[in-house]
Amino acid sequence: MSFLERLHHCTISDLTGFRPWSIGKAQIGWLRDDVADTLRRYPSVFAVGDDAVVLQSHLADFDHRTAAVGEVVRALAELGIVQGWRNESFAVVADYGQPPLLRLERAAVPVFGVRAYGVHMNGYVRDGERIKLWVGQRAPDRQIEPGKLDNLVAGGVPFGLDPMTNLVKECAEEAGIEEAMARRAIPVGAMSYRMLHQGFLRQDTLFLYDLELPADFLPTNIDGEIASFRLMELEEVAAILSDSEAFKFNVAPVVIDFLVRHGYFKPDQPGYADLAIGLSAFQTPR
Amino acid sequence: MRQFRRYPPVDFARYLKFIVADQHVGWVRRTRMDHLAAFPKVFAIGNDRVAMQDGLADFESRSAAMAEVLAAWREAGLVTGWRNELFPVNRGFGQPPLLCMERAGTPLFGILSYGVNINGLVGQGRDLHLWIGRRAAHKPVDPNMLDLVVGGGQPMGITVWDNLVKECWEEAGIEAEIARQAKPVSLTTLTIEAGEGLRVGLQFNYDLHLPADFMPNNMDGEVVAFQLMPVQSLIENLLNTDEFSYDIALVKIDLLIRHGYLGPDDPDYLDLVAGLRRPIAFDPL
């Protein structure tokens with residue numbers, strides 16, 4: 001698979017079988033038709049139409065919306081529709097930077113097809129002119145993509161944290177990086193995508209960071225989410241990307257972006273422009 | 001977001017698609033219809049399109065026909081800023097060109113043109129400074145505006161890398177040995193309406209860290225002055241003025257994002273990131 005195909009691997013444009021759902025005028029997410037129809041059981045919370053679903057307008061503030069939707073989510077969990085309860089909630093917003101409309105249990109985020117925000121950090125080491133990238137392997141018991149290759153640090157942004165604060169927390173939990181070092185990470189861009197995953201529509205926006213680490217740094221996973229780490233030459237990273245699906249689906253574009261920004265690919269190579277523009281498919285926030 | 005508001009979205013209804021060998025490769029203003037119709041052996045005009053005649057079946061015959069049209073338009077004052085530089089016409093960088101044409105004619109046909117840009121950097125972190133040039137008053141495009149230390153169009157018959165080394169010397173007196181330390185870091189695109197037509201551009205951007213005692217020295221008369229601008233002044237300039245030409249403003253916003261001077265705490269962050277690399281508006285093959 002080419003790098004470009006690897007990028008398009010995680011996009012979807014055909015939304016047949018999904019219905020938009022809104023709070024007031026703001027479209028918040030996409031519901032699979034069978035999930036939308038299940039929501040007809042909760043008419044005091046959702047007004048379900050054949051083409052669209054709207055949150056009932058009497059749920060007029062954050063607390064009411066959170067409580068009412070939370071009850072529905074618990075019911076959906078009992079029905080087996082919401083799986084893998086995380087006891088962690090995400091903010092639901094109409095657009096990045098706007099006040100949250102409600103908070104939602106993380107396990108329900110894909111079921112309701114709402115946009116989730118995350119942070120991904122490329123941890124790298126300079127060796128003269130060469131750059132090496134720290135790559136983690138996800139633990140075999142992870143719910144999503146067990147055993148796949150991952151960024152040194154990555155995680156969803158939970159309710160109430162800004163991206164940088166969350167990054168510092170994840171740096172400690174996932175790689176044993178101390179706060180003073182974690183704060184040296186610099187934001188380098190963002191990616192957004194919409195894809196089918198385990199039958200649901202995932203809409204994620206990832207804030208990307210680079211952190212240059214000292215040559216003698218060794219990551220230590222604290223939370224058990226990463227089984228092992230390796231410091232890889234960029235040639236090896238590129239070969240894995242083009243020859244296998246070993247990288248987690250949404251980490252592949254993050255790493256391709258890293259390779260582009262650090263000059264691994266050259267404009268005179270065939271396909272460079274298509275690849276670099278291809279990344280823009282992941283840069284449309286809405 | 002000021003920079004992205006400088007040009008309103010393009011109203012493509014004002015344009016005919018420019019078709020060569022059944023491929024959509026550009027856009028021509030409808031107001032040029034009469035000028036196109038004067039060359040019936042070259043152009044076939046339809047409702048929403050103007051195509052090069054099928055009889056012009058290869059690179060040479062198409063290039064010759066286009067050269068004839070542009071020479072006549074130049075005579076009539078429709079093409080200004082003649083450059084004597086041939087640009088390829090295709091749908092994507094590196095694809096075999098369907099024809100080539102004088103650079104000054106590319107906006108009249110809304111042709112995708114390629115360029116190479118260098119961010120000249122001194123220092124890092126809060127002490128980062130950028131070498132900025134001011135374009136000469138006689139430049140055909142964006143005279144007097146602020147520019148990169150080095151930037152140039154990507155003509156036919158030279159690799160991006162060789163062109164970069166050549167432009168580094170001509171525009172800033174940067175020796176090849178230093179120029180070759182430049183790193184390709186990003187690509188930016190633009191589609192904007194300019195007086196002469198539609199400017200469709202794809203730019204290969206490089207970062208080049210220069211020694212603290214380096215002084216740029218323009219050789220070709222295209223840049224009148226250089227200044228070493230602190231990164232904070234660059235941010236102020238982009239927020240408050242339109243002194244940078246638009247394509248260069250994009251390159252600078254891209255730099256500020258890649259180097260972390262703009263981050264997720266900026267409420268416009270996602271829109272800024274999304275504005276840098278919009279796909280080129282050609283019909284799919």
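1. Starting with chain A: the assignment splits it into domain 1 (3-11 + 116-281) and domain 2 (18-113), with bounds that come from an automatic or database domain assignment. Taken over C-alpha atoms, the centres of domain 1 and domain 2 of chain A are 29 Å apart. Bear in mind that this is a predicted model, where local features need pLDDT of at least 70, side-chain atom pairs count only at pLDDT 80 or more, and totals for chains, interfaces and linings use all residues. As for labels, residues are numbered from 1 along each chain as its sequence is written, while chains are lettered from A and ligands numbered from 1 in the order in which they are written.

2. How do the two domains of chain A meet? The contact takes 11 residues from domain 1 of chain A and 15 residues from domain 2 of chain A (two residues are in contact if their C-beta atoms, placed from the backbone, lie within 7 Å). On the domain 1 side, β12(A) has the largest share, with five residues. That side of domain 1 of chain A divides into five nonpolar, five polar and one charged. Here Ala, Val, Leu, Ile, Met, Phe, Trp, Tyr, Cys and Pro count as nonpolar, Asp, Glu, Lys and Arg as charged, and the others, Gly among them, as polar. Helices (H or I, at least four residues) and strands (E, at least two) are DSSP runs, numbered from the N terminus.

3. Chain B is assigned domain 1 (2-110) and domain 2 (113-276). The centres of these two domains of chain B, taken over C-alpha atoms, are separated by 27 Å. Between them, 24 residues of domain 1 of chain B touch 24 residues of domain 2 of chain B. β2 (23-29) and β5 (86-89) of chain B each give at least two residues to the domain 1 side, and β5(B) gives the most, with three. By type, that side of domain 1 of chain B has 14 nonpolar, five polar and five charged residues.

4. Now the contact between the chains: 27 residues come from chain A and 30 residues from chain B. On the chain A side, β11 (186-197), β12 (200-212), α7 (251-261) and α8 (272-278) each supply at least two residues. The largest share there is that of β11(A), with five residues. The chain A side splits into 15 nonpolar, seven polar and five charged residues.

5. Back in chain B, there's an open sheet of four strands in the order β2-β1-β4-β3, with mixed pairing; strands pair if DSSP finds at least two bridges between them. β2 and β3 (43-45) of chain B are the edge strands, each pairing on one side only. From one strand to the next the twist averages 30 degrees, using axes that are lines fitted to C-alpha atoms, for helices over the stretch in contact, and angles that run from 0 to 180 degrees between N-to-C directions.

6. Which strands of this sheet are antiparallel partners? β1 (residues 15-20) of chain B pairs with β2(B) in the antiparallel sense over six bridges, and Lys17(B) has Trp27(B) in β2(B) as its bridge partner. Their hairpin has two residues between the strands, and Ala21(B) takes a positive phi near 50 degrees. β3(B) and β4 (residues 49-52) of chain B also run antiparallel, joined by three bridges, with Val50(B) in β4(B) as the bridge partner of Ile45(B).

7. One annotation to cross-check: the unreviewed UniProt entry puts "domain: Nudix hydrolase" on residues 113-254 of chain B. UniProt positions are in the numbering used here, feature names are shortened, and annotations may be inferred rather than shown by experiment. Over residues 113-254 of chain B, the chain is 25% helix and 39% strand, with the end C-alpha atoms 19 Å apart.
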